[in-house]
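Biologist: I am new to this structure and would like to go through it slowly. Could you show it to me before we begin?

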Amino acid sequence: MSKAYWIGHVDVTDPAAYEAYRRANAVAFEKYGGRFLVRGGAQDVVEGAARARTVVIEFPSLRAAQDCYHSVEYQHAKSLRAPVSDADLVIVEGWDG
């Protein structure tokens, strides 16, 4: 079974309020096996455009990644994030090549 990933690009407009989202999302990520691989470190945009933060979260399967996003726990966290950030998020299945 292939792993899956959330790849997010985020601009945070209120860093203090965003902390509530970070605390809340930990509940969903723990429940569904999410593990941060990238969490807003330095980035070098070499083509196109990107938001200020890039986040990559690994999940044990595509189903787990999708279930996490649609879970009550994550939807609560998202309700805290939405007013204080702009984000693009994709869930993508990994490749076991």
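What follows is a set of questions and answers on a cavity, a buried charge and several salt bridges.

Biologist: Which element gives the most to the lining of the largest cavity?

Modeller: Please keep in mind that this is a predicted model. The largest cavity has a volume of about 190 Å³, and its lining is made up of 19 residues, of which Val-10, Tyr-18, Tyr-21, Val-55 and Ile-57 lie nearest the centre. At least two lining residues come from each of β1, α1, β2, β3, α3 and β4. The element that gives the most, with 5 residues, is α1.

Biologist: How many residues of the lining of the largest cavity are charged?

Modeller: The lining of the largest cavity includes 12 nonpolar residues and 2 polar ones. The charged residues in that lining number 5.

Biologist: How far away is the nearest side chain of opposite charge to Arg-81?

Modeller: Arg-81, which lies in helix α3, touches Tyr-18, Tyr-21, Tyr-74 and Ala-87 when residues up to four places away in sequence are not counted. Side chains of opposite charge can pair when their charged atoms come close. Arg-81, however, is buried and has no salt bridge, and the nearest side chain of opposite charge, that of Asp-86, is away from Arg-81 by 7.8 Å.

Biologist: Is Glu-58, which forms a salt bridge with Lys-3, buried or exposed?

Modeller: The closest N and O atoms of Glu-58 and Lys-3 are 3.6 Å apart, and the pair links distant parts of the chain, with Glu-58 in strand β3 and Lys-3 in the segment before β1, 55 residues apart. Lys-3 is partly exposed, with a relative accessible area of 40%. For Glu-58 the relative accessible area is 10%, and because buried means under 20%, Glu-58 counts as buried.

Biologist: How many residues apart in sequence are the parts that Arg-51 and Asp-11 tie together?

Modeller: Arg-51 and Asp-11 form a salt bridge whose closest N and O atoms are 3.1 Å apart. Since Arg-51 belongs to the loop between β2 and β3 while Asp-11 belongs to strand β1, the pair ties together parts whose separation in sequence is 40 residues.

Biologist: What separates Arg-63 and Asp-67 within helix α2?

Modeller: The side chains of Arg-63 and Asp-67 meet in a salt bridge, with 3.4 Å from N to O. Because the two residues are 4 residues apart in helix α2, their separation is about one helical turn.

Technical notes:
Residues numbered from 1 in each chain as written. Predicted model: local features only at pLDDT ≥ 70, side-chain atom pairs only at ≥ 80, totals over all residues. Heavy atoms only, no water. 1 Å grid on protein atoms, 1.4 Å probe; cavity = no way out; pocket = protein on both sides within 12 Å on 5 of 7 lines; lining within 4 Å. Points joined across faces, edges and corners; volume = space filled by probe spheres on them. Nonpolar A, V, L, I, M, F, W, Y, C, P; charged D, E, K, R; others polar. Buried < 20%, exposed > 50% of the residue type's maximum accessible area, 1.4 Å probe, protein only. Lys, Arg positive; Asp, Glu negative; His and termini not counted. Salt bridge = Lys/Arg side-chain N within 4 Å of Asp/Glu carboxyl O. Contact = heavy atoms within 4.5 Å.
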